[in-house]
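Biologist: I am new to this one and would like to learn how to read its aromatic pairs and its core. Could you walk me through them?

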Amino acid sequence: MQSSSTRPPTKPGTPSTPSTPSPALSGLVGNTPLLHVSEPLAPAGRGFWAKLEGFNPGGIKDRPALHMVERARARGDLRPGARIIESTSGTLGLGLALAGMVHGHPVTLVTDPGLERSMTRLLTAYGAQVNVVAEPHPTGGWQQARRDRVQRLLEQHPGSWCPDQYGNPDNVAAYTPLALELAAELGHVDVLVCSVGTGGHSAGVSRVLRQLYPEVTVVGVDTTGSTIFGQPARPRLMRGLGSSIHPRNVAYENFSEVHWVAPAEAVWTCRRLAASHYATGGWSVGAVALVAGWLTRTHPAGTRIAAVFPDGPERYLGTVYDDDYCAAHGLLDAPPAPEPDLLGRLDEKEVTRWTRCTTVVDPLTLRAATSPHAHAQAHKNGDGDASGEAR
């Protein structure tokens, strides 16, 4: 891992670790390595470039957590010592714990029973308070239930602040350095592949790369059972991508196409990636790698494809990499199909396996075409129209 921070020399016999948190901790974030991924996910002699965001202390969302906190402090929205309260499926929670440590803020993280026990322990070790909702929202799933709990906690803690990662433009702006790192390291990017959850990193990176390379193709990767791209929200195993609400940070206009990937397909890809490249990650990494490998096979040789891997494998040792867990959920049955299914319209049918669509629009636009009242209500509530476990 590269770091822009250095530790000053210490006298013999003096502690080398500062007794109080230091802003130098933020120097551990960024400048993550690139890995060239080839066989067996791509044809012999070809491949794609993976940006390994798992080399940040807590993963890719260290970037927006620090940036959102720093900008809120600069504006005066977040006062010194005030509590930070936010909903998370885990990764942003790690980033906020880091940001709270750097800037001296207590942190409360609202999550749901799907959060891995190891993540709860780690977040607690980093000093965050973990608050778990018990029941999903009837229409917005766990994600809306978490957001409702955040609102109640904000009312209970006067002066507290919520980053609102789903609609905060600072979440998007935080990924400008990541885009510039890709541009500097690769020289040119023809295709960008990103998972989509809150929409932050796909919007932030694609915005900058489109300015640098106007012809860049942006491919979004979602999970089956997610409502982000117009599918009905369903209960889901995969965390870190997908949603049961419509985050307003998603830059629909930037996407050339979207792929939905099922859990078993992500598991197979994660494990093949680990066995062949000694590098892997969680659900998002498996889904992105599957799609990036297919794009490498179907694009002309020499196409420079960049894929963002949001995290590493550590938090998934009890799920993606656990044979008993995967067998119990039917995730070890067969490898993915060699090609995705193709939809002509985002909501043409409900997808249950790897599928793609090359016509991407805001799903609230699709809803408005059939039901103006439903569209207005969804825009007001910001949630989906089916129960599901948002991650």
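Modeller: Gladly! Rings of Phe, Tyr and Trp pair if their centres lie within 6.5 Å, and planes over 60 degrees apart count as edge-to-face. This is a predicted model, and it holds four aromatic pairs.

Biologist: Why is the pair of phenylalanine 229 and tyrosine 252 edge-to-face?

Modeller: Their planes stand at 80°, with the ring centres 5.6 Å apart, so the pair is edge-to-face. Both residues sit in the loop between strand E7 (217-223) and strand E8 (257-261), 23 residues apart. Phe229, Tyr252 and Phe255 form one aromatic cluster.

Biologist: Are phenylalanine 229 and tyrosine 252 buried or exposed?

Modeller: Buried means under 20% relative accessible area. Phenylalanine 229 has 0%, so it is buried, and tyrosine 252, at 4%, counts as buried too.

Biologist: Which elements hold tryptophan 294 and tryptophan 354?

Modeller: Tryptophan 294 is in helix H9 (residues 283-298), while tryptophan 354 lies in the loop between strand E10 (341-343) and strand E11 (355-357), 60 residues along the chain. Their pair is edge-to-face, at 6.4 Å centre to centre and 85° between the planes. Both tryptophans are buried.

Biologist: And the core: how many residues has the largest nonpolar one?

Modeller: A nonpolar core joins buried residues through side-chain atoms within 4.5 Å. The largest here has 37 residues, and those with the most contacts inside it include Phe48, Trp283 and Phe309. H9 gives the largest share, ten residues. Beyond its sequence neighbours, phenylalanine 48 touches residues including Leu35, Ala289 and Phe309. A second, separate core has 32 residues, among them Cys194 and Val351.

Key: Residues are numbered from 1 along each chain as its sequence is written. This is a predicted model: local features need pLDDT of at least 70, side-chain atom pairs count only at pLDDT 80 or more; totals for chains, interfaces and linings use all residues. Side-chain values use heavy atoms; hydrogens and water are left out. Rings of Phe, Tyr and Trp (its six-membered ring) pair if their centres lie within 6.5 Å; planes under 30 degrees apart count as stacked, over 60 as edge-to-face and the rest as tilted. Helices (H or I, at least four residues) and strands (E, at least two) are DSSP runs, numbered from the N terminus. Buried means under 20% relative accessible area, exposed over 50%, partly exposed in between (1.4 Å probe, protein chains only). Contact means heavy atoms within 4.5 Å. Lists of a residue's contacts leave out its neighbours within four places in sequence.
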